[in-house]
Amino acid sequence: MGNGFADPAFVREPLSYEITRKYMDAPRSNFARLYINSAYYGVYTNAESINKDFLDELNYPTDNTIVKCNPKNAGPNGSTSNLAYSSADSTQYFSKYEIKSKYGWKELVNLIDTLNNKPAFIESMLDIDKTLWMHALNNVMINGDSYTGSFAQNYYLYRDGNRRFAPVMWDFNMSFGGFPLGGNGPGGVSLTTMQQIIPLYQETNAARPLISKLFVTPMWKRMYMAHLRTIADENFTNDDYVTRAQAMMSTISAAVSDDTKKFYTFTQFQNSLDQTATGGGFGGGTVGIRQLMAGRMTFLTSNAEYKKTPPALETPVVSDPNPTLGSSVTITAKAPGATFVRLGYRAKHPLKFTYVEMKDDGQHGDGSAGDGVFGAEIPVQSVLNEYFVYAENADAGIFSPHRAEYEFHELAAQAAQLQPGDVVINEFLATNASTNTDPDGNFSDWVELYNNSPEPRNLSGAFLTDDWTKPKKWAIPDNTVIPGHGFVLIWANGGSNAPGLNAGFKLSGAGEQIALTTSDGKIRLDSIEFGQQTTDHSFGRCPNGTGDFEAQPFNTPGAVNCIVATNNLTEFEDKLVISPNPGSDEFVINFKETKPVAIFVFNSIGQLIFNKNQIFENESIHVTEWPNGLYFIKTDHGATAKFVKN
């Protein structure tokens, strides 16, 4: 929370976050009246923490590396979080960065090494577009207490599901020139100097490699300038920021008037858009927001780099606006004067975009060669595909839509709509402490889906959630097919890059909800609300697909439920015979089926200790390494038996 330390207007933080959220993921921010023991301590700005909850809200994996980039001894003579390389020894970075996750030093050092020593490979490790947006926002809004400024701090790095680090901006309480004015704050920067900071500030500064290393690539520099123009045009040249600041100040005016502990007078608050306020936390002066930004826009819009003209770019056109899933479409864009055009596309957020060059050669669905229309063919991979176009000439670049990659065009594909009851939640385990492990080797929660129909079903466009108020929390990957009367197992592990289906949330053993919804999130295909769960014991339907949920004696992920134990070891179902039984080295499985079956073997406490997708008649299963005891054997056809190892 912030107390207006260097902000007589009290709006620098929420206004900056509001603008930033138009272009990249950023915390939400608001105002709060602070009371301590019923005593009013004044108006504070309140910003969302950047943590696992923040990532979960964005449907991102929550267990990946999170780095807070704020040095322990920040200051004019202190260290910075500038991502400069010192050595491969992670201890050299302990005073400059803070790992907010379970691990991450190795990944951070690899990023820093690549950025500084192997920059040709940085695109595979860093979300370039979000980084460019961060630099553009810091530059336009004169956010001096940032990576761009003297301390190179106040940002987070998060390693996303694509194994790339992405920046998240943080701590805007001194944006819009609040850090600093005149000779009264660190750095001693004057109003005029702040207004005339060039768009490519820090471009050649080796101590700012996150800027200097990226701006060496001409296209990335043009993309950065396109973002900077968008920010200026949408917020500042039209005075929208003034309208929003005035609205926020009106909301808090009475609370500020009642605040006896504020750093500035109420009159200074009222005049804080247009006048410099002396005093405050630094004991110096804080420039008026409009006083700063009016001159800032005059300088920027007359700057030679800013004034470079990009090619024209019209809204892209899709050859088939209603394609079928799995087909291909051609996307064309009219961009006369462009020397290079590329298309970014992906199946869904938050996958990274795949880039393909668009051609004006008459051979890519683009009409005649040289007519200024560029085309490219892409696969329709999802029920809701996302794409954008970027075009440039030798001087400048332009995006469609202008806020890309954060915003994008959408292309909906036709897919058979699942109906309630087709595919259902069949079994789940919400407190896994020692049973089945996910592809990463962790004891993760899981949810099993079952197909009630005899025909395979494509789950493209369906969502799974543990919160009914967020029906589209995790998108089931496109072209996930569940066999007729078959199963799909989804690990509720918070997300993972490992093979398999890894949902971006975890289940609560204390009880919550699970729901399967359609692509628009409006139709609930199936759902369950459950209470307190027993550790290592699943809850499932019996019989599969249609029965009521009940506690399962044995966890059966990816297999039929309702194992029924018998008291007589010689009493087996007539379709499944195990011999010898008891046994010590191996047993032979015999079943009355015309084709191979899948088997699952559980120990006496319900742990799955062996499974095989195809077992043939009279096939031997070696058990020498198994501990002595009782085992339960189950096939995917529902036959069950007991076996004793001695």
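1. The second largest cavity is a good place to start in this predicted model: its lining divides into four nonpolar, no polar and six charged residues. Here Ala, Val, Leu, Ile, Met, Phe, Trp, Tyr, Cys and Pro count as nonpolar, Asp, Glu, Lys and Arg as charged, and the others, Gly among them, as polar. The residues in question are Glu-123, Asp-127, Ile-128, Asp-129, Arg-164, Trp-220, Met-223, Arg-342, Tyr-355 and Glu-405. Two or more of the lining residues come from each of α4 (128–140) and α7 (218–235). The volume is about 60 Å³.

2. A word on terms and ground rules. A cavity is a set of points, on a 1 Å grid over the protein atoms alone, where a 1.4 Å probe fits but cannot get out, and lining residues have an atom within 4 Å of a point. Grid points are joined across faces, edges and corners, and a volume is the space filled by probe spheres set on the points. Residues are numbered from 1 along each chain as its sequence is written, and side-chain values use heavy atoms, with hydrogens and water left out. Because the model is predicted, local features need pLDDT of at least 70 and side-chain atom pairs count only at pLDDT 80 or more, while totals for chains, interfaces and linings use all residues.

3. The structure holds four cavities of 30 Å³ or more, and the largest has a volume of about 70 Å³. Its lining has eight nonpolar, no polar and three charged residues. Among them are Asp-25, Phe-54, Lys-130, Tyr-158, Asp-160 and Val-168. Both α2 (52–57) and β6 (165–169) supply at least two residues of this lining, and the largest share, three residues, comes from β6. Helices (H or I, at least four residues) and strands (E, at least two) are DSSP runs, numbered from the N terminus.

4. Which residues have the most contacts inside the largest nonpolar core? They are Leu-83, Tyr-97, Leu-108, Leu-157, Phe-176, Phe-236 and Met-293, in a core of 81 residues. Helix α7, met above at the second largest cavity, gives the most to this core, with nine residues. A second, separate core of 26 residues includes Val-423, Val-447, Leu-449 and Leu-507. A nonpolar core is a set of buried Ala, Val, Leu, Ile, Met, Phe, Trp, Tyr and Cys residues joined through side-chain atoms within 4.5 Å; buried means under 20% relative accessible area, with a 1.4 Å probe and protein chains only.

5. Leu-83 deserves a click in your viewer. Leaving aside neighbours within four places in sequence, Leu-83 is in contact (heavy atoms within 4.5 Å) with Tyr-97, Leu-108, Ile-112, Leu-115, Asn-116, Tyr-155, Leu-157, Pro-209 and Leu-210.

6. Now the sheets. An open sheet of four strands has the order β21-β20-β25-β26 with antiparallel pairing. At its edges are β21 (474–475) and β26 (524–530), each pairing on one side only. Two strands pair if DSSP finds at least two bridges between them, and β20 (residues 463–465) pairs with β21 over two bridges, in the antiparallel sense. One bridge partnership to look up is Leu-464 with Trp-474 of β21.

7. Is Gln-513 buried or exposed? This residue, found in strand β25 (residues 512–517), is buried, with a relative accessible area of 18%. Not counting residues up to four places away in sequence, Gln-513 touches Thr-465, Asp-466, Asp-467, Trp-468, Ile-528, Glu-529 and Phe-530.

8. A further open sheet has three strands in the order β9-β10-β13, again with antiparallel pairing. Strands β9 (317–318) and β13 (373–379) stand at the edges with a single partner strand each, so one side of each is left without a neighbour in the sheet. Two bridges join β9 to β10 (residues 328–334), and Val-318 has Ile-331 of β10 as its bridge partner.

9. Do have a look at the hairpin formed by β1 and β2, with two residues between the strands. Asn-37 in the turn has a positive phi of about 50 degrees. Eight bridges join β1 (residues 29–36) to β2 (residues 39–47), which run antiparallel; Ala-32 has Tyr-44 of β2 as its bridge partner.

10. Finally, the whole chain. The secondary structure comes to 10 helices and 35 strands, and 54% of the 646 residues count as buried. The C-alpha trace spans about 90 × 75 × 50 Å along its principal axes. Of the contacts with a separation of 6 or more, 65% are between residues 24 or more positions apart.

Key: 1 Å grid on protein atoms, 1.4 Å probe; cavity = no way out; pocket = protein on both sides within 12 Å on 5 of 7 lines; lining within 4 Å. Buried < 20%, exposed > 50% of the residue type's maximum accessible area, 1.4 Å probe, protein only.
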